[in-house]
Amino acid sequence: MEPILELEQRLARYDAARYPVQHATTRFHLGVVLADAGRVEEAIESLASAAELFDPDALPVEHAKALNALGAALRLAGELDSAEASFERATELFERSSLKQEHGAALFNLGLVRRERDPAAAAECFRRAASILAGGLEAAAARELGATLLALGELEEATPMLERAVALAERGDAAGYGGALNGLGLARLAAGETEAAIESFRQAAGAHPRGVRPAEFAMAKANLALAYEQHGYTPRARLAARQALGVAEPPVPVSAQAMAVLERLGSATAEDLRRVLDDEPQESWEGIVREELARSGEAPAEVRRADAVAWIDGSSVERAEAWLGGLLELPPERMETLIRSALEALGPRDAAVKGRFRSDVTRAAARFHVPQLLRLEEIFRRTAAELGEPWS
């Protein structure tokens, strides 16, 4: 049975006057589920009822938990003054009840509400929360404290706090780990430590897979583009900016930052990828190729054909091997689309270029296991025949 329906049926069995605690408990769970489902106004109503029914003198912990959940729902609704009041009261009750984790979580929530209006007060909330909490919540509090200190210009305190957040999140919270690394990169960039910032942003992008958290991936890539630009790595900056823009619906500030980099440095071209591969050791190519193919595979046909020029004009057996390896990681339809785009781009080229590319791809394909080799050979031959191009 759907959880909301089940809770609503249970609620009907407990009259609020005769069974106030059972009714309030059900109201609390229903409010949490409604909030998770995006039904925020209904959640607020249910959680407010639960908080009212839990007597703060007889049941202070239950009252505080309802207030904490109510504050979170109010924050989602944009009712920040009411959310702040709920969190403040919950914080007091949890502290009085000596419940450290709950106290720290309420402080963390209070910091989130205060951050936009009073960053210094928010930082104090996060600082207290980080000293109380353990595990993933401690990492989150350290991350938000570091980010808030960075916004306040307190670089000397922000950087070690973000380093702590990275260390705390590394073992079990990929999203938090990536967020902390992104914040650390910003702190290092603000301090003029561009190489260290680049490494942080690269790791942040890796912690936010493009297909899992595209907005966070795009943010890390846009920041990486800025760091590369400041360090004078123009081809890398353009590639990173284009990858940031290549995700579906990147956040507006991310798009603006990435486009600003490209306006300053010029549009990205196939030459950028060739230059980056020239500069990087071969063992580093895999990630670069994977991210470029993911972007190119979702681009319009004319962009895919322009991208393929990097593999045609910069052809070698080693690069062809990296390209084929990246293609084999893609869904079959996406792989075939990119192969077709490459062969379409190859069509107008002269016989020498065609021959070199065919030879490099054929020799590279032979380095893969037989099932992969046969799959690649079949796709290239079939696609080339459909396009009227010789292949073997």
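Which charged end sits over the ring of Tyr233? The answer is Arg236. Its charged end lies 5.1 Å from the centre of that ring. One caution before going on: this is a predicted model.

Now the pocket. The largest pocket holds about 580 Å³ of space. Its lining counts 26 residues. Nearest the centre are Lys221, Gln243, Gly287, Ile288 and Glu291. Four elements each give two or more residues to this lining: helix 11 (194-207), helix 12 (214-231), helix 13 (234-245) and helix 16. Which of them gives the most? That is helix 16, with five residues. By class, the pocket lining divides into eleven nonpolar, seven polar and eight charged residues.

Next, the enclosed spaces. There are two cavities of 30 Å³ or more. Take the largest cavity. Its volume is about 130 Å³. Seventeen residues would be a mouthful to read out, so here are the ones nearest the centre: Leu293, Ser296, Asp307, Ala308 and Trp311, out of 17 in the lining. Helix 15 (270-279), helix 16 (285-297), helix 17 (301-313) and helix 19 (332-346) each supply at least two lining residues here. Helix 17 gives the most, with five. The lining of this largest cavity has nine nonpolar, three polar and five charged residues. Note helix 16: it contributes to the lining of the largest cavity, and it also contributes to the lining of the largest pocket.

On to the second largest cavity. Its volume is about 40 Å³. The lining is made of Trp311, Gly314, Ser315, Ser316, Arg319, Ala320, Trp323, Phe357 and Val361. Helix 18 (317-328) and helix 20 (351-365) each supply at least two of these residues. Helix 18 gives the most, with three. Five residues of this lining are nonpolar, three are polar and one is charged. Trp311 deserves a second look. That residue lines the second largest cavity, and it is also among those nearest the centre of the largest cavity.

That brings us to the aromatics. A search of the whole structure finds eight aromatic pairs. Why does the pair of Trp311 and Trp323 count as stacked? The ring centres are 6.2 Å apart and the planes meet at 25 degrees, so the pair is stacked. The cut-off for stacking is planes under 30 degrees apart. This pair links distant parts of the chain. Trp311 is in helix 17 and Trp323 in helix 18, twelve residues apart. Both Trp311 and Trp323 are buried.

A further stacked pair is Phe380 with Trp391. Here the distance is 4.8 Å centre to centre, with 15 degrees between the planes. Phe380 lies in helix 21 (residues 370-387) and Trp391 in the segment after helix 21, so the pair ties together parts eleven residues apart in sequence. Are these two residues buried or exposed? Phe380 has 2% relative accessibility and counts as buried. Trp391, at 12%, counts as buried too. The cut-off for buried is under 20%.

Last, the cluster. Trp311, Trp323, Phe357, Phe380 and Trp391 form one aromatic cluster. Three of its members, Trp311, Trp323 and Phe357, also line the second largest cavity.

Terms used: Residues numbered from 1 in each chain as written. Predicted model: local features only at pLDDT ≥ 70, side-chain atom pairs only at ≥ 80, totals over all residues. Heavy atoms only, no water. 1 Å grid on protein atoms, 1.4 Å probe; cavity = no way out; pocket = protein on both sides within 12 Å on 5 of 7 lines; lining within 4 Å. Points joined across faces, edges and corners; volume = space filled by probe spheres on them. Nonpolar A, V, L, I, M, F, W, Y, C, P; charged D, E, K, R; others polar. Phe/Tyr/Trp six-rings, centres within 6.5 Å; stacked < 30°, edge-to-face > 60°. Buried < 20%, exposed > 50% of the residue type's maximum accessible area, 1.4 Å probe, protein only. Lys NZ or Arg CZ within 6 Å of the ring centre and 35° of its normal.
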